[in-house]
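Good morning, and thank you for coming. Please keep the sequence and the structure in view while I speak.

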Amino acid sequence: MAVTDLRRLFDDLVGLEIAVWNAVDARLSRDCALPLGQFMPMRVMAATPGCRVLDVSAQLQITVGAASKVVDRVEAAGHCVRRPNPQDRRSSLIALTPSGAAALAAADVVFEQELRELLGAVLSPAALDRFAGTLGRVRAAL
């Protein structure tokens with residue numbers, strides 16, 4: 001591939017994202033009954049003290065409306081609760097329930113295994129480190 005073939009690079013990046021998402025989603029759904037679309041915001045909730053829908057939106061780079069809908073689905077599954085935000089009456093604080101924390105912990109193990117199987121089967125540990133570093137730099141720059 002020529003350095004200037006940015007269209008192919010774009011196609012490869014998007015195709016890779018979709019393929020990895022679909023594979024990880026299928027594995028999490030099958031093994032943990034937790035789709036990737038719920039797993040990802042649950043990771044944000046677990047890692048963000050005083051988490052709000054706005055935090056989920058920002059960290060997952062989705063709209064506030066989409067974040068609100070996915071939080072609704074996580075809440076309906078019994079994995080999180082919303083509480084009034086004492087600092088701002090217009091927002092709620094989101095926290096994982098004990099069952100949500102347990103589901104996340106179990107799913108996180110499967111998530112890591114699937115990523116190792118998908119990416120580790122193709123790239124050596126050194127190549128995977130370089131790939132991760134390159135993607136991280138590009139994402140940070142954007």
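Val53 lies in helix α3, which covers residues 53–60. Please bear in mind that what we are viewing is a predicted model. Is Val53 buried or exposed? The relative accessible area of Val53 is 14%, and because the limit for a buried residue is under 20%, Val53 counts as buried.

Which residues does Val53 touch, if we leave out those up to four places away in sequence? They are Val64, Ala67, Ser68, Val71, Arg82 and Ile94. As for Val110, that residue is 57 positions from Val53 in sequence, and the two C-alpha atoms are 26 Å apart in space.

I turn now to the aromatic rings. A pair of such rings is described by two quantities, the distance of the centres and the angle of the planes. How many aromatic pairs does the structure hold? There is 1. Its members are Phe39 and Phe111, whose ring centres are 4.8 Å apart and whose planes meet at 40°. The pair is called tilted, because stacked planes would be under 30 degrees apart and edge-to-face planes over 60.

Where do these two residues sit in the chain? Phe39 belongs to helix α2, residues 36–47, and Phe111 to helix α5, residues 98–120. With their positions 72 residues apart, the pair links distant parts of the chain. Phe39 is buried, at a relative accessible area of 0%. Phe111 also counts as buried, with a relative accessibility of 11%.

Let us move to the surface. A nonpolar patch is formed there by Leu6, Leu9, Phe10, Leu13, Val14, Leu16, Ile18, Phe131 and Leu135. Together these residues have about 740 Å² of accessible area. Two elements, α1 (6–32) and α6 (125–141), each give two or more residues to the patch. Which of the elements gives the most? That is α1, with 7 residues.

Leu13 may serve as an example from this patch. Leu13 lies in helix α1 and has a relative accessible area of 39%. Since this value falls between the 20% limit for buried and the 50% limit for exposed, Leu13 is described as partly exposed.

Finally, I come to the database record. In an unreviewed entry, UniProt lists residues 6–140 as "domain: HTH marR-type". Over that range, the model is 73% helix and 7% strand. The C-alpha atoms at the two ends of the range are 19 Å apart.

Thank you for your attention.

How values were computed. Residues numbered from 1 in each chain as written. Predicted model: local features only at pLDDT ≥ 70, side-chain atom pairs only at ≥ 80, totals over all residues. Heavy atoms only, no water. Phe/Tyr/Trp six-rings, centres within 6.5 Å; stacked < 30°, edge-to-face > 60°. Helix = DSSP H or I, 4+ residues; strand = E, 2+ residues; numbered from the N terminus. Buried < 20%, exposed > 50% of the residue type's maximum accessible area, 1.4 Å probe, protein only. UniProt positions renumbered as here; feature names shortened; annotations may be inferred. Contact = heavy atoms within 4.5 Å. Patch = residues over 30% accessible without salt bridge, like charges linked within 9 Å, V, L, I, M, F, W, Y side chains within 5 Å. Areas by Shrake-Rupley, 256 points an atom, 1.4 Å probe, with all protein chains shown as cover. Salt bridge = Lys/Arg side-chain N within 4 Å of Asp/Glu carboxyl O.
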